[in-house]
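Let's take a walk through this model together, starting with one odd spot and working outwards. Have the structure open and turn it as we go.

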Amino acid sequence: MAKAPQDLQIAILGAGMGGLTCALALAQRGFKNIDVYENAHDLGFVGAGIQLAPNMARVLDGLGVWKGIEAEAVNILDTSVRVGASNSELAHVDLAYVEETYKYPHMVGHRASLANGLYQGCLKESAIKFHFATTASNVDSFGPRPSFTATPREGEVAYKVECDVLLGADGIKSETREAMLKRLDVQVGVKDTQQAAYRIMIHKDQIKDDPELLALINSNTVTRWIGEKRHIIAYPVANNTIYNLSTAQPDTNFAAATNGTYTTKGSKKAMLEVYSDFCPMVQRMLDYVPEGEVCEWKLRVHDPIPTWVYDQTALVGDACHPTLPHLAQGAAQAIEDGAVIAVALARLPDTSPESINKALRVYEKVRKTRAETLVDIAAASGRALHLGDGAAKAERDRQFAELKDKGGKGPVPDRWADADTQRQIYGFDCTKITEDNFTEYFSQL
Ligand SMILES: Cc1cc2nc3c(=O)[nH]c(=O)nc-3n(C[C@H](O)[C@H](O)[C@H](O)COP(=O)(O)OP(=O)(O)OC[C@H]3O[C@@H](n4cnc5c(N)ncnc54)[C@H](O)[C@@H]3O)c2cc1C
């Protein structure tokens with residue numbers, strides 16, 4: 001008897017947001033053999049906030065995990081863009097309209113809450129088997145039986161894994177991408193954005209005697225303080241009990257690194273120096289971070305790669321479209337990838353290698369241009385936010401002023417808060433688009 005699509009053996013490399021979503025979405029569409037290989041011992045919850053945009057929430061709701069994540073998240077009703085040095089407001093934009101328009105509010109939450117929500121969903125699916133503390137390497141076949149080596153960390157011997165579909169959700173340093181580009185004889189290097197980010201969490205009890213900061217933590221506002229080559233974005237998470245800050249500044253600490261370091265324990269003194277010309281309130285905020293808890297991330301991207309799919313192997317998330325965080329869409333896009341792959345594979349008319357390849361290329365068709373466009377918008381928005389004195393900054397600030405005059409209505413130079421950009425991002429229902437177009441796209445390939 002011919003194999004049904006749901007009998008295919010699927011191997012997923014990486015249990016980040018992309019890998020977890022692939023696993024859950026596939027299991028919910030009836031796939032019975034899903035193995036997830038994760039380098040880390042567990043999900044390694046990073047202590048940082050994350051924005052939960054409506055396009056992400058729509059997918060998570062479809063997978064039945066949104067309610068739990070939403071319960072711990074904070075609903076964002078507006079955003080304030082401020083001059084870092086003076087704290088004077090450049091723009092105030094209403095975001096309460098988002099829920100009415102896109103059926104989901106713009107929320108922000110804790111990364112652990114999002115990852116755990118997806119993981120708990122996966123644990124309910126007997127089809128999903130996790131292999132933690134197991135490193136995948138040496139992807140030596142992309143099809144018709146993709147294969148790689150799995151090396152468990154604790155004493156067991158390395159073994160070879162073969163599958164019908166291989167999904168490389170192994171993040172920005174993706175081994176799968178490297179192997180695929182080598183096979184294609186294409187060189188697309190990781191691009192140094194020359195930016196780095198501090199990620200900081202301040203707990204409410206630390207600021208209980210600071211009314212200004214208490215007002216921020218109790219708010220429903222995303223605040224961005226901007227300055228030349230730098231900015232800070234901040235919002236409350238965990239039911240307004242934690243104030244989350246994420247910064248962007250020129251990378252000085254990683255530039256000289258000779259290895260592949262992407263995160264490092266930062267120096268509090270160095271962090272305070274970077275923002276020493278920002279207003280006293282921002283400096284006070286940064287000063288609440290306990291010594292030894294400053295974590296700095298290098299922000300890396302790479303140029304678009306020619307394809308995300310080779311034979312029966314596909315790339316997912318940061319493995320194929322890493323982005324600067326200025327649009328807060330990296331994880332959201334990885335989550336869209338997972339949802340689209342599951343629809344495409346579930347609609348397979350048969351399980352021949354040719355059909356699997358075509359279904360994966362439908363995934364690529366729905367996703368690649370969109371994800372790469374958002375990567376470009378994030379970079380452009382960062383450039384606008386980080387302008388130094390000159391004509392371009394004068395024009396940007398004129399736009400901010402016009403926006404203020406019009407009560408927050410009109411184009412916003414911070415593209416994350418711009419209604420037209422939001423329409424493009426939040427208005428895209430990736431699951432529906434794949435369902436509606438699968439047959440046509442598949443037949444065109
Ligand atoms: C400062 C900052 C702020 C951000 N803010 C937001 C935001 O607000 N909203 C948003 O949507 N996105 C945001 N992002 C982006 C988001 O974090 C990433 O885009 C997203 O986590 C990518 O998910 P992923 O699953 O593709 O990759 P990852 O999360 O990197 O997961 C990859 C997984 O693969 C595992 N792995 C790697 N190699 C191997 C191997 N060889 N074998 C086995 N396992 C392996 C890793 O251990 C990891 O668990 C932000 C990013 C940064 C840096």
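Is asparagine 87 buried, exposed or partly exposed? With 16 other C-beta atoms within 10 Å, asparagine 87 comes out as partly exposed, because the buried label takes 20 or more such neighbours and the exposed label 12 or fewer. Keep in mind that we're looking at a predicted model. You'll find asparagine 87 in the loop between strand E5 (78–83) and strand E6 (89–94). What makes this residue worth a stop is its backbone: phi is near 65°, a positive value in a residue other than glycine. Most residues other than glycine have a negative phi.

Now jump to lysine 229. Its phi is also positive, near 65°, and again the residue is not a glycine. Lysine 229 sits in the loop between strand E14 (221–227) and strand E15 (230–237). Count the other C-beta atoms within 10 Å and you get 16, so lysine 229 is partly exposed.

Time to zoom out. The protein has 14 helices and 20 strands. Its radius of gyration is 22 Å, close to the 22 Å that the globule rule gives for 445 residues, so the protein is as compact as a globular protein of that length. Laid along its principal axes, the C-alpha trace spans about 70 × 45 × 40 Å. Of the 445 residues, 49% are buried. Look only at contacts with a separation of 6 or more, and 75% of them link residues 24 or more positions apart.

Next, find the open sheet of 6 strands. Reading across, the order is E8-E2-E1-E12-E20-E19, and the pairing is mixed. Strand E8 (128–131) and strand E19 (309–310) are the edges, each pairing on one side only. Helix H6 (residues 175–184) packs on this sheet, where it touches E1, E12, E19 and strand E20 (313–315). The direction of H6 makes about 120° with that of E20. Within the sheet, strand E1 (residues 9–13) and strand E12 (residues 165–168) run parallel and share 4 bridges. To pick out one of these, go to leucine 13, whose bridge partner in E12 is glycine 168.

From there, move to a run of antiparallel strands. Strand E9 (134–141) is joined to strand E10 (residues 147–152) by 5 bridges, and the two run antiparallel. Threonine 134 has proline 152 as its bridge partner in E10. The connection is a hairpin of 5 residues, and there's a surprise inside. Which peptide bond is cis here? It's the one joining glycine 143 and proline 144, with omega at about -5°. Proline 144 lies in the loop between E9 and E10. Most peptide bonds are trans.

E10 then carries on to strand E11 (residues 159–162), again antiparallel, with 4 bridges between them. Serine 147 finds its bridge partner in E11 at glutamate 162. This second hairpin has 6 residues between its strands, and glycine 155 in the turn shows a positive phi of about 80°.

For a strand that is covered on both faces, look at E3: Gly49 and Gln51 on one side and Ile50 and Leu52 on the other are all buried. In a regular strand the side chains alternate between the two faces of the sheet. E3 runs antiparallel to strand E7 (residues 106–110), joined by 4 bridges, and isoleucine 50 has glycine 109 as its bridge partner there. A little further along the chain, helix H2 (residues 54–62) is mostly covered too, with 7 of its 9 residues buried. Those seven are Pro54, Asn55, Met56, Ala57, Arg58, Val59 and Leu60. After H2 comes glycine 64, whose phi is positive, near 80°.

Finally, the ligand. Which of the 34 residues around it come nearest? They are Gly14, Gly16, Gly171, Gly317 and Gly330. Several elements you've already met give two or more residues to the shell, including strand E3 (49–52) and strand E9 (134–141), and helix H1 (17–28) does as well. The largest share, 4 residues, comes from H10, the helix at 330–346. By type, the shell divides into 16 nonpolar, 13 polar and 5 charged residues.

Conventions. Residues are numbered from 1 along each chain as its sequence is written. A residue is near a molecule or strand if its C-beta atom, placed from the backbone, lies within 6 Å of it. Ala, Val, Leu, Ile, Met, Phe, Trp, Tyr, Cys and Pro count as nonpolar, Asp, Glu, Lys and Arg as charged, and the others, Gly among them, as polar. The radius of gyration is taken over C-alpha atoms; the globule rule is 2.2 Å times the number of residues to the power 0.38. Two residues are in contact if their C-beta atoms, placed from the backbone, lie within 7 Å. Two strands pair if DSSP finds at least two bridges between them. Axes are lines fitted to C-alpha atoms, for helices over the stretch in contact, and angles run from 0 to 180 degrees between N-to-C directions.
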